[in-house]
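Biologist: Please take a close look at one part of this model and follow it outward into its surroundings in a single connected account. Give me the cut-off behind each term as it comes up.

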Amino acid sequence: MEEILDLARQTGIRDLNTILGQLFACPNIKRIEVATKEVAGAATTRLSLRITVAKKLPLADVPRDQLIPSSVFGMPTDVVEGSERD
C-alpha cells in the first residue's frame, strides 16, 4: 500500500513539474507562487496559484499555446501584472 501512495505522489509531482515547465516556457511569465487571489485589485481570503506576467494582455491577444488555465490541480490561478523588478 505504501508503494502505491509513493507512486501516486511521484506522479503528481511529475505532472506539476510538467505544468510549471509549460507555464515558465511562456516568455511573458515571470513568477509563480501561492498567494491570496485578487479580484479587481482587492485581496480575497481564497488561496490561488498567482502567476505574475510582464504585461497582462486581453484574453483575445494571448496566443492559444500560452493561455493560462483557470485552475491547476483544483487550485484557481490568478494572473497579475508585475512591476519592473519582477
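Modeller: Strands β2 and β4 run parallel to each other and are joined by five bridges, where two strands count as paired if DSSP finds at least two bridges between them, and where strands (E, at least two residues) and helices (H or I, at least four) are DSSP runs numbered from the N terminus. At one position of this pairing, Val-53 stands opposite Glu-81 of β4. This is a predicted model, in which local features need pLDDT of at least 70 and side-chain atom pairs count only at pLDDT 80 or more, whereas totals for chains, interfaces and linings use all residues. Residues are numbered from 1 along each chain as its sequence is written, and side-chain values use heavy atoms, with hydrogens and water left out.

The β2-β4 pair belongs to an open sheet of four strands with mixed pairing, in the order β1-β2-β4-β3. Its edge strands, β1 and β3 (71-72), each pair on one side only. β3 is joined to β4 in the antiparallel sense by two bridges, and there Val-72 faces Met-75 of β4.

On the other side of β2, nine bridges connect it with β1 in an antiparallel arrangement, and Glu-38 has Ala-43 of β2 as its bridge partner. The hairpin of these strands has two residues between them, and Ala-40 lies in that loop. Its phi is near 55°, a positive value in a residue other than glycine. Why does Ala-40 count as exposed? It does so because its relative accessibility is 85%, and exposed means over 50% relative accessible area, buried under 20% and partly exposed in between (1.4 Å probe, protein chains only).

The sheet also contributes to the largest nonpolar core, a core being a set of buried Ala, Val, Leu, Ile, Met, Phe, Trp, Tyr and Cys residues joined through side-chain atoms within 4.5 Å. This core has eight residues, namely Leu-23, Cys-26, Ile-29, Ile-32, Leu-49, Ile-51, Val-53 and Val-72. β1 (29-39) and β2 (42-53) each supply at least two of them, and β2 gives the most, with three residues. In soluble globular proteins, nonpolar side chains tend to be buried together. Leu-49 is in contact (heavy atoms within 4.5 Å) with Ile-32, Glu-33, Val-34, Val-72, Met-75, Pro-76, Thr-77 and Asp-78, leaving aside neighbours within four places in sequence.

The largest pocket has a volume of about 330 Å³. A pocket is found on a 1 Å grid over the protein atoms alone as an open set of points where a 1.4 Å probe fits, with protein on both sides within 12 Å along at least five of seven lines, and lining residues have an atom within 4 Å of a point; points are joined across faces, edges and corners, and the volume is the space filled by probe spheres set on them. Of its 18 lining residues, Leu-57, Val-62, Gln-66, Ile-68 and Val-79 are the closest to the centre, while β1 and β4 are the elements that give two or more residues to the lining.

Confidence should be kept in view: pLDDT, the predictor's confidence in each residue from 0 to 100, has a mean of 81 over the protein chain, with 81% of residues at 70 or more. Among the elements, β4 (residues 75-81) has the highest mean, 91, and helix α1 (residues 2-24) the lowest, 67.
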